[in-house]
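Got the viewer open? Let's take a walk through this one, selecting a few things at a time.

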Amino acid sequence: MNPILEIKNLHTKIGDKEIIKGLNLTVNPGEVHAIMGPNGTGKSTLANVIAGKDGYEVTEGEIWFNGKNILELDPEERALEGIFLGFQYPVEIPGVSMTNFMKAAIDAQRKYKGLDPIKPGEFLKMYREKQELVNMPDKIKNRSVNEGFSGGEKKRNEIFQMAMLNPKLAILDETDSGLDIDALRSVAEGVNKLRSNDNAFIVITHYQRLLDYIVPDIVHIMYDGKIVKTGDKELAKELEAKGYDELVASN
Amino acid sequence: MKLQENILSYITQNQSKLWQGLPDFVTTEKQKAFQKFQQKGLPTLKDEKWRKTNLKEFVNRYYHPAFNEIINQNNLIDNCLVPDLETYNINLVNGFFAGKNTLEVLNNGIIIGSFNKAIKSYPELVKSYFNRLVQNSDNPLNDLNTALFTDGLFVFVPKGITSFKLQITHKLDAKVDALINVRNLIILEEHTQMDIIQCDDSNMHRSHFATFVSEVFLKEKARLNWYKYQNINNVSSLFSNNFYQVEKEAELYTNSFEMNGKLLRNEQFADITGKDVKVDLYGLYLADKKQQTDNVIFISHSSEGSYSNQKFKGILDDSAKGFFNGQILVKKDAQQTNAYQKNDNILLTDKARISSQPFLEIYADDVSCSHGSTTGQIDEEALFYIRQRGISKRDAQLLQLYAFTGEIIETIKLHALIEPTKDLVKKRLNGELDICEDCILQCAVK
């Protein structure tokens, strides 16, 4: 079995500051990885670097996705290859309706595969199905992307988009932050419904709480730009009990 | 300044011929305007409202004064933008009213046609309106227009006529570099409604210097919606100056889509003289290369309880320039005035420039007024967000820019215009809309 994602000795700088300092990570199909760690250890940077955001300099190391070195690819090319990033702070795009946005994204994906644009009827059917899958209120579809959405709606909208685009690898960057328990549960339900043997998830979170609902196969502790500890789901519980300081110190 | 000298010597030499056959009230105004123009000359960078608008590319050229009709009647088109809409269609070509019926009275009493003919056929009617709004303008191009115009459009909508739709195709179509002056007079009597769809077009690569001046009178409860689509070639200038007098309970709505041209300058002056008037002025300007687009607005509230709103948005690419100057004057007696003004811009390059100047001048104490201006770049966070969903950088940018224009397009009240307008804007943003040999707007709505 070939890994979906393989990161080897990754070093990344923002400006002069090194954020990621030699990170290794292998994600296989069917796996859910959790990356935990305190603020400022480079978790979001890792997510952005995998997705190809501008402003990060990779000074060393490699990122392989499905057997392809993706470091030279544009963000849209990485997305089309099957990488999805669930944003920590989903961006508001005034004037662009959710349906138009999703239609453009689906058509871009189809074009990449050599297919014609999706037929309107087919699109709407798919849109409805995925809305139901993630419990997304119907009223949102005519609104501008994330504009005026509540915190919960924004996060749920990320999961909805993930369902529409059906990625091979979804990176969920603190999808749980700012969510009440009901929203958290429905976001997790959405993720669980989308889990399969062909795709994989990286769930970035501060807290054990989300992992009660999305049960990870592998848990990593990230600290100061590196993965310092890897274990199974019990590691998250241990972390919750001991705190980062003790866990990192004992390492 | 070659252009100025040419104009002055041309008028001096041809004065009698130019103004012959016109009633005295017109000749008098023309003479006064000519004197004013002689004193002031063409605008320069020293003039307050022209500090950001350099005319040097035009004023040092020779422009053939287009006083004689140079119209190819075969080149006329029925409509400019909306083929399926039932409208009265007219063509203005190189400053002349073109077509078969140059002045006619419709069954419902509307008088429409050549302004030159109207001056001669209805001198009393024209006399009570002509030059009343323009004469005190401080823009010398209006004096130039008054002195030099031969023709234009005349519309008189009598009391009670509420369903008149007009398409104006205004073309710069001379085979030589031409100085073109169009003068229009539009009178809407009480309880009337008119929609105007205007396309400013050019089908040659010649450089033209064109003034297009309109005096518009809205009587009590008259309503006018004026949609303007400007798309002229990359070497021509068009100075479009509209003057409105808006009386009690009348409503004025204008929306200008300023799509292409070396220099497009739109000035609008609305004098609100009655109570409970509603004035909405919208505009969208998209400029690239070395183009410039100006919008100069002046709204004067003289009477109480009226509303005015200016909303202009622009996207400037390459080394394009924009100039927005919006003024609201609320006079002492204009209590309970609501007046708003907003100008938003996106600059796509470091070389693109916008100068945005909002002014409020308020002498009444019970009013609600606001003004604001924003200038920004493409939102990089949003760009990444969109690209992360698999949409190309170019499309992500287009999506954002198109979304930015939505606020202006959405205000269109005439349903049949919405899709053609969206299409035009998308094509312009996508770089597909450019000069073609025949008619730019025609090829845009194919």
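Start with the salt bridges: over all chains, this predicted model holds 36 of them. To see one, select Glu153(A) and Lys139(A), whose side chains meet at 3.9 Å, N to O. That pair links distant parts of the chain, 14 residues apart. Glu153(A) sits in helix H5 (residues 151–165) of chain A, while Lys139(A) is in the loop between helix H4 (120–133) and strand S8 (144–145). As for what brings such partners together, side chains of opposite charge can pair when their charged atoms come close.

Next, hop over to where the chains meet. How many salt bridges are there between chain B and chain A? The count is four. Pick out Glu381(B) and Lys53(A) for an example: their side chains form a salt bridge at 3.0 Å, N to O. Polar contacts are there too, with eleven residue pairs between chain B and chain A, both residues being at pLDDT 80 or more.

Now color helix H7 (380–387) and helix H8 (393–409) of chain B. Each of these helices supplies at least two residues of the side of chain B that touches chain A. Which element gives the largest share of that side? It's H7(B), with six residues. Sort the residues on this side of chain B by type and you get seven nonpolar, four polar and five charged.

Zoom out a little and show the whole contact region. Here 16 residues of chain B are in contact with 29 residues of chain A. The size of an interface is often given as the accessible area lost when the parts come together. For chain B and chain A, about 1900 Å² is buried between them, and 67% of it is on carbon and sulfur atoms. Select Phe384(B), Tyr385(B) and Arg389(B): in chain B, these three lose the most area to chain A, together 40% of what that side buries.

Stay with chain B for one more view. Color residues 2–273 as domain 1 and 379–446 as domain 2, following the domain division of chain B. Taken over C-alpha atoms, the centres of the two domains are 29 Å apart.

Last stop: a sheet in chain A. Show the strands in the order S2-S1-S4-S5, and you have an open sheet of four strands with antiparallel pairing. Which strands are at the edges? Those are strand S2 (17–27) and strand S5 (68–69) of chain A, each pairing on one side only.

Inside that sheet, follow strand S1 (residues 5–14) of chain A. S1(A) pairs with strand S4 (residues 57–65) over seven bridges, in the antiparallel sense. Click Ile7(A) and you'll find its bridge partner, Ile63(A), in S4(A). With S2(A), S1(A) pairs over eight bridges, again antiparallel. Here Thr12(A) has Ile20(A) as its bridge partner in S2(A). Finish at the turn: S1(A) and S2(A) form a hairpin with two residues between them, and Gly15(A) in the turn has a positive phi of about 60°.

Key: Residues are numbered from 1 along each chain as its sequence is written. Chains are lettered from A and ligands numbered from 1 in the order in which they are written. This is a predicted model: local features need pLDDT of at least 70, side-chain atom pairs count only at pLDDT 80 or more; totals for chains, interfaces and linings use all residues. Side-chain values use heavy atoms; hydrogens and water are left out. Contact means heavy atoms within 4.5 Å. Buried area is the accessible area (1.4 Å probe) that two parts lose on being put together, summed over both. A polar contact is a pair of N or O atoms within 3.5 Å; within protein, one must be able to donate a hydrogen and the other to accept it, and residues adjacent in sequence count only if both atoms are side-chain atoms. Ala, Val, Leu, Ile, Met, Phe, Trp, Tyr, Cys and Pro count as nonpolar, Asp, Glu, Lys and Arg as charged, and the others, Gly among them, as polar. Domain bounds come from an automatic or database domain assignment. Two strands pair if DSSP finds at least two bridges between them.
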